[in-house]
Amino acid sequence: MDVLARANALRAAGRSVVSLAVGQPSDPAPRIVREAAARALADGALGYTDALGRAELRQAICGHYRDHYGLDVPADRVVVTTGSSAGFNLAFLAMFDPGDKVAITVPGYPAYRNIMKALGIDVVEIDLEGAAWLTAEALERVHREEGLKGLLFASPANPTGAVIPVDELKALVEAAKQMGIRTISDEIYHRLCYTADDVTALAFDDDVTVINSFSKYYCMTGWRIGWMIAPQRLVRAIERIQQSLYISAPDLSQIAAARAFDATSELEAVRERYLANRAMLADALPKLGFAFAAPMDGAFYAYCDMTRHSNDSMAFAAKMLDEAGVAATPGRDFDPFEGNRYMRFSYAGSNDDIGEAIRRLTGWLG
């Protein structure tokens, strides 16, 4: 966020800045989504909904699981949330008590750690030590040492974009179940897997809690709308917590999101642009001295070792922004141990932005 604030300040001063920093699609929500919202605004009958969400949207989410994953998920296990952020709050509060040990991987999305610490949960950070994903064997080793109550992982992952192979995912989920570890699977970057089909953790354990969102593939970040698939035994607790914290997700966003699953052709065109951006960065970044720390399997990120240039990613990011006019995200937020060696580049922008960023970096780095 410091990099983003500096980029905005430079823009306000008249500087040209190309941002590869923010994990946000540059496209608006699909047309059919915006049209549904416009009709709802014109009607004006917006208010609180059931805490678990509008029936229409919950049924649409069930249809998505049938169509995309071949799974029958009952609507009474679907919880509509105010973005995935609220989903994590609800899951942590319903599943864990203060002092419980919950594992996440490093590097990883910093909000996991921050939310759990705020709730008094003991965060166990598993250093992947150069591996692209967490394995069942590594989880078992940490569990023997720590006595874990929970596990949270993402595939595709932020910041790396790595996707856990299906056999490894199955082994990880089954190992967690055998050890009595409650599992949360962050699947917010599903439909943005480029090297394999999407596989939900629900395919291997019906007791997994899945969190997803309309923010990434569906280009609806500002609408703050997401969902959970919760184990049946947790639904009532989640519903009561939702009633107290949020009442319900925004009605307008729920109405609009119910149409997002009908916008596949428009959204796939956006995905094709990400693929083109991915190809450009895959070619350019190693030539510019940024070695990939993980395969660019999914999401819209390249996570790179930048020690050829600096061992201080914060300072390097500031210098790159000031001198080259290119913003990227330092690795420190994602990895409190080795993050100063890494940089995350987002390719969620336009083809022109990616091309211009490469041109500027090439000139700047010589």
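Here are some notes on the sheet, the helices packed around it, and the cavities and pocket of this predicted model.

1. **The sheet.** A good place to start is the open sheet, which is built from seven strands. Reading across it, the order is β2-β8-β7-β6-β5-β3-β4, with mixed pairing. The two edge strands are β2 (78-81) and β4 (122-127), each of which pairs on one side only. From one strand to the next, the twist averages 20 degrees.

2. **A pair inside the sheet.** If you would like one pairing to trace on screen, try β5 with β6 (residues 182-186): these strands pair in the parallel sense, over five bridges. To find the register, look for G150, whose bridge partner in β6 is R182. As background, strands of a sheet pair through backbone hydrogen bonds, either parallel or antiparallel.

3. **Helices on the sheet.** α7 packs on the sheet and touches β5 and β6. The direction of α7 makes about 165 degrees with that of β5. Another helix to look at is α3 (residues 55-69), which lies across β2, β7 (209-213) and β8 (226-229). Relative to β2, α3 runs at about 115 degrees.

4. **Helix against helix.** α7 (residues 166-178) also has a helical partner, α6 (residues 136-146); their axes come within 8 Å and cross at roughly 25 degrees. Angles under 35 degrees count as roughly parallel, so α6 is roughly parallel to α7. On the α6 side, the residues that meet α7 are A136, L139 and E140. They face A171, L172, A175 and A176 of α7. By class, this contact has six nonpolar residues, one charged and no polar.

5. **The largest cavity.** A search of the whole structure turns up two cavities of 30 Å³ or more. The largest has a volume of about 160 Å³. Its lining consists of 18 residues, and T105, P107, F153, A154 and A157 are the ones that lie nearest the centre. Here the sheet comes back into view: β3 (101-106) and β5 (150-154) each supply at least two residues of this lining. β5 gives the most, with three. The lining divides into 14 nonpolar and four polar residues, with no charged ones.

6. **The second cavity.** The second largest cavity has a volume of about 40 Å³. Its lining is made up of H64, I188, H190, R191, N212, S213, K216, Y217, Y218 and W227. By class, these divide into four nonpolar, four polar and two charged residues.

7. **The largest pocket.** Finally, have a look at the largest pocket, with a volume of about 810 Å³. It is lined by 33 residues, and those nearest its centre are M1, V22, G23, Y109 and R344. The elements that give two or more residues to the lining are α1 (2-12), α4 (83-95), α5 (110-118) and β12 (329-330). Which of the elements gives the largest share of the pocket lining? That is α4, with four residues. Sorted by class, the pocket lining has 16 nonpolar, ten polar and seven charged residues.

Methods
Residues numbered from 1 in each chain as written. Predicted model: local features only at pLDDT ≥ 70, side-chain atom pairs only at ≥ 80, totals over all residues. Heavy atoms only, no water. 1 Å grid on protein atoms, 1.4 Å probe; cavity = no way out; pocket = protein on both sides within 12 Å on 5 of 7 lines; lining within 4 Å. Points joined across faces, edges and corners; volume = space filled by probe spheres on them. Nonpolar A, V, L, I, M, F, W, Y, C, P; charged D, E, K, R; others polar. Axes fitted to C-alpha atoms, helices over the stretch in contact; angles between N-to-C directions. Parallel < 35°, antiparallel > 145°, perpendicular 65-115°, else oblique. Contact = heavy atoms within 4.5 Å. Pairing = 2+ DSSP bridges.
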